[in-house]
Amino acid sequence: MVDKIVKCFLIVIACAFALLMLGLPLAAVATYALREGYGVFIAAITDPYALSALRLTLLTTVISVSVNTVFGLFAAWALTRFSFKGRSLLTTVMDIPFAVSPVIAGLVFILVFGRIGWAAPVLSFLNLKIVFALPGIVLATIFVTFPFVSRELIPVLNARGVAEEEAAALMGASGWKIFFRITLPHIKWALMYGVILCSARALGEFGAVSVVSGHLRGKTNTLPLHVEVLFGEFHLTAAFAVSSILMLIAILTLILKTVVEVKGKKEGASAIVELKGKNEGANAIVELNGIKEGSSV
Amino acid sequence: MSDHVRLEGINKTFGGFKASDGVSFSIKEGDLAGLLGPSGSGKTTILRMIAGLERPDSGDIYIADKRVNDIPAGKRGIGFVFQNYALFRYMTVGDNIAFGLEIQKKSKAFIKERVERLTKITGLDGLLSRFPEELSGGQKQRVAFARAIAPEPRLLLLDEPFAAIDAKVRKELRTWLRNTISELGITCVFVTHDQEEAVEVADNIIVTNRGKVEQSGPPSAVYQNPATPFAAEFIGQSEVITEYERLRGFPKISGFQSAVIRPEFIEIRKVGREERPNASQSGVAENIYFRGDRLEIDLLIAGMRVTAKYSMDAESLSPGETVSVVVNRLLLLGEKTVTAQENSLLNDANPIYI
């Protein structure tokens, strides 16, 4: 009886807290966005500046996620398949974006590529503009989202070992063939999961981008920056309307993430059942840890 | 027949660990050779170097008289069965077996025919569209074997092929593998830590220890005439005794500090039933274990405890009974040598009754 009360109590607390801290703000965004009617809402999100901000955000996300997917794959492969000096150092370095405040990341780019930066003479000679332009925004976003893909891949690659790849190589398969026929089918869910997390982070990135963008309306304003500008100018309804776009994207990402997680877990689970023997038992634990780690990021 | 595989002075270190230390041996064409040694003795490293999955630090590897050190694994034409099979888990059994043939760009019709033939040989009919995780251990082993021999390699390497299979199926698979390989006529090298397996399956065994080859030769030769103290202790149900001169008929020989005794060297009889009383001494059958076809006895003799066997058909013994013992043979261990020593009292004036 007491157990039951404790159980109910804890569940109620958890639900109330989630509702208060997560549900209420989301609801507030929706109601605020619509409080002056659909007309104002539509006007706010079809405003040329809002649309150009959306375009810039999507473009930045596509570029930085693509880059990080490719490099994440390379990095995960190198870290799990080769043993070399400085391997653990590289692993640590790759986590820097998790540890460094995004604002500092942005400042670093200003210091390197800005008018007072080290690379300024070269850039001005080549007539390239990085800071306060698209390249700067993309670079800052790449920096912040760098570890997401590789972080998802490394535990999966570690857990599976190299035997299947060795078997394929022994039969004369080329590197590409091994990757597409043997490795990719195994890591595809983890890869997808990493890409989704990376995209979500890239879409919402504010701090680093805010420093390097220069807030040029219609030019270097991303959606989160645009929201801030609108809010600063007391266009509250418009700010919330634009926020609701980001919120919608976030909810879509969550749904996608859940689908991938469920699918990936299903295949992962059957792979674990297949594992027998001491060695592989240990591997399975690594894999389980990987899944855990994945869902806690 | 000529040598198919030849290793000359192979050295390999991992960090500070010497996995291969001047390894040299050769395997004849069509032979079924077993690399036998305790875990950590470097036998898997040797196999992986032959396959091209590891590079030796120094020394040469020849396959069919061609130096292969610089030839990548995929171009050596070797079939390999991994310890945990390493089946491609996202491919069906059929696709697994066909993989090597696809890489070789064989025609669809050819692949289909060959896969069908291999499934017959390996008894995998009806399992072609299954995925590896839906198979039992023995079935996976067969798939791994079929996949390895599909591209018709001249050399097949197997890493602990039976380690992950339960005892009953293992025996069956051993016999099957032995027969299939001799039918195919390919040279085969397998790694095992199980001496029974090596002795039963291999034409030749290569005993490894601490990165070195201790001895190689036919199982019977290695069993009866071990060349090194390690081989003498590792093969057979061997026990090392230090005061062998306390056994009747074995005077101390200088340079040989200890001896290996095996159950089959010891003959136990009931007191009063001795056939060679002058070579007999008394011992105590402390414990008696039933082993199915025989009895195993913990025997206390001259203050030493050894294992002996006793026929099920002989007059029964009870635990603690004093018995009469003749030790026929010992393997005396020197610093680096082994010598087989017969009981010196047996060939004397007293003839052996039959």
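A salt bridge here is a side-chain nitrogen of Lys or Arg within 4 Å of a carboxyl oxygen of Asp or Glu. In this predicted model, R48(B) and E166(A) fit that description, their side chains meeting at 2.6 Å, N to O. The pair is one of three salt bridges that the rule picks up across the interface of chain A and chain B. Polar contacts across the interface also come to three residue pairs, with both partners at pLDDT 80 or more.

On the chain A side, the elements that put two or more residues up against chain B are helix 10 (163-170), helix 11 (175-204) and helix 14 (236-274). Helix 10 of chain A does the most here, giving seven residues to the side that touches chain B. Sorted by class, that side of chain A comes out as 10 nonpolar, three polar and eight charged residues. As for the interface as a whole, 21 residues of chain A are in contact with 22 residues of chain B. Together the two chains bury about 2,200 Å², with 59% of that area on carbon and sulfur atoms.

Away from the interface figures, chain B offers a neat bit of strand pairing to look at. Strand 15 (residues 294-301) and strand 16 (residues 304-311) of chain B run antiparallel and are joined by eight bridges. Within this pairing, D298(B) sits opposite T307(B) of strand 16. The two strands make a hairpin with two residues between them, and one turn residue, A302(B), has a positive phi of about 50 degrees. As a general point, side chains in a regular strand alternate between the two faces of the sheet.

Positive phi values turn up in loops as well. In chain B, A86(B) has a phi of about 50 degrees despite not being a glycine. A86(B) belongs to the loop that links strand 6 (78-81) to helix 2 (93-103) of chain B. Is A86(B) buried or exposed? With a relative accessibility of 8%, A86(B) counts as buried, because the cut-off for buried is under 20%.

Chain A has a case of its own in F132(A), another residue other than glycine, with a positive phi near 60 degrees. Its place is the loop between helix 7 (120-126) and helix 8 (134-145) of chain A. The relative accessibility of F132(A) is 38%, so this residue counts as partly exposed, a label for values between the 20% and 50% cut-offs.

Note on methods:
Residues are numbered from 1 along each chain as its sequence is written. Chains are lettered from A and ligands numbered from 1 in the order in which they are written. This is a predicted model: local features need pLDDT of at least 70, side-chain atom pairs count only at pLDDT 80 or more; totals for chains, interfaces and linings use all residues. Side-chain values use heavy atoms; hydrogens and water are left out. Helices (H or I, at least four residues) and strands (E, at least two) are DSSP runs, numbered from the N terminus. Buried means under 20% relative accessible area, exposed over 50%, partly exposed in between (1.4 Å probe, protein chains only). Two strands pair if DSSP finds at least two bridges between them. Contact means heavy atoms within 4.5 Å. Buried area is the accessible area (1.4 Å probe) that two parts lose on being put together, summed over both. A polar contact is a pair of N or O atoms within 3.5 Å; within protein, one must be able to donate a hydrogen and the other to accept it, and residues adjacent in sequence count only if both atoms are side-chain atoms. Ala, Val, Leu, Ile, Met, Phe, Trp, Tyr, Cys and Pro count as nonpolar, Asp, Glu, Lys and Arg as charged, and the others, Gly among them, as polar.
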